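Colleague: I have not seen this structure before. Please take me through it by question and answer.

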Amino acid sequence: MLGFPAEQGAAAAQAPTAEQANAVLKTWRAGVRAARRTVRRITGHSLRRGWIQAALAAGAPAEVVAAHSRHSLRSSAFDAYRKKTIPWSQNPTLVLGLAA
């Protein structure tokens with residue numbers, strides 16, 4: 001059972017029918033998906049968005065930031081980045097111990 005923890009692989013292997021084995025693995029997959037939904041994801045896009053917001057908050061001209069991030073000043077995405085700012089106290093890197 002490649003890709004599954006040993007306990008789930010063993011439980012699926014011992015199931016009397018293929019349907020029961022699939023049920024064991026399906027339950028495990030559902031648990032993994034539920035656990036992932038509880039964690040806020042940090043992606044490459046988080047870094048892009050965060051940089052844009054930090055540069056704008058620091059006073060960089062919007063034209064320069066948009067050019068650097070390859071956005072049009074009239075872009076709805078760039079406009080959303082300008083309007084939505086997250087306070088430093090809610091910085092997602094705090095939970096990782098990376099924020100000062």
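**Reading the model**

Modeller: Ser-75 is found in the loop between helix H4 (62-68) and helix H5 (76-83). This is a predicted model, in which local features need pLDDT of at least 70, side-chain atom pairs count only at pLDDT 80 or more, and totals for chains, interfaces and linings use all residues. Residues are numbered from 1 along each chain as its sequence is written, and side-chain values use heavy atoms, with hydrogens and water left out.

Colleague: Is Ser-75 buried or exposed?

Modeller: Buried means under 20% relative accessible area, exposed over 50%, and partly exposed in between (1.4 Å probe, protein chains only). The relative accessible area of Ser-75 is 17%, so the residue counts as buried.

Colleague: How many helices and strands are there in the protein?

Modeller: Helices (H or I, at least four residues) and strands (E, at least two) are DSSP runs, numbered from the N terminus. The elements run α-α-α-α-α from the N terminus on. The count is five helices and zero strands.

Colleague: What is the radius of gyration, set against the globule rule?

Modeller: The radius is taken over C-alpha atoms, and the rule is 2.2 Å times the number of residues to the power 0.38. For 100 residues the rule gives 13 Å, and the protein is well over that, so it is more spread out than a compact globule. The C-alpha atoms fill a box of roughly 65 × 30 × 20 Å along the principal axes. The radius of gyration is 22 Å.

Colleague: What share of the 100 residues is buried?

Modeller: Ser-75 is one buried residue, with a relative accessible area of 17%. Over the 100 residues in the protein, the buried share is 19%.

Colleague: Which side chains meet in a salt bridge?

Modeller: Side chains of opposite charge can pair when their charged atoms come close. A salt bridge is a side-chain nitrogen of Lys or Arg within 4 Å of a carboxyl oxygen of Asp or Glu, and the structure holds one. Its partners are three residues apart in helix H5, so about one helical turn separates them. At 3.8 Å, N to O, they are Arg-82 and Asp-79.

Colleague: Where does Ile-42 lie?

Modeller: Ile-42 is partly exposed, at 39% relative accessibility. Together with Val-95, Leu-96 and Leu-98, Ile-42 makes a nonpolar surface patch of about 440 Å². Ile-42 lies in the loop between helix H2 (18-37) and helix H3 (44-57).

Definitions and conventions. Patch = residues over 30% accessible without salt bridge, like charges linked within 9 Å, V, L, I, M, F, W, Y side chains within 5 Å. Areas by Shrake-Rupley, 256 points an atom, 1.4 Å probe, with all protein chains shown as cover.
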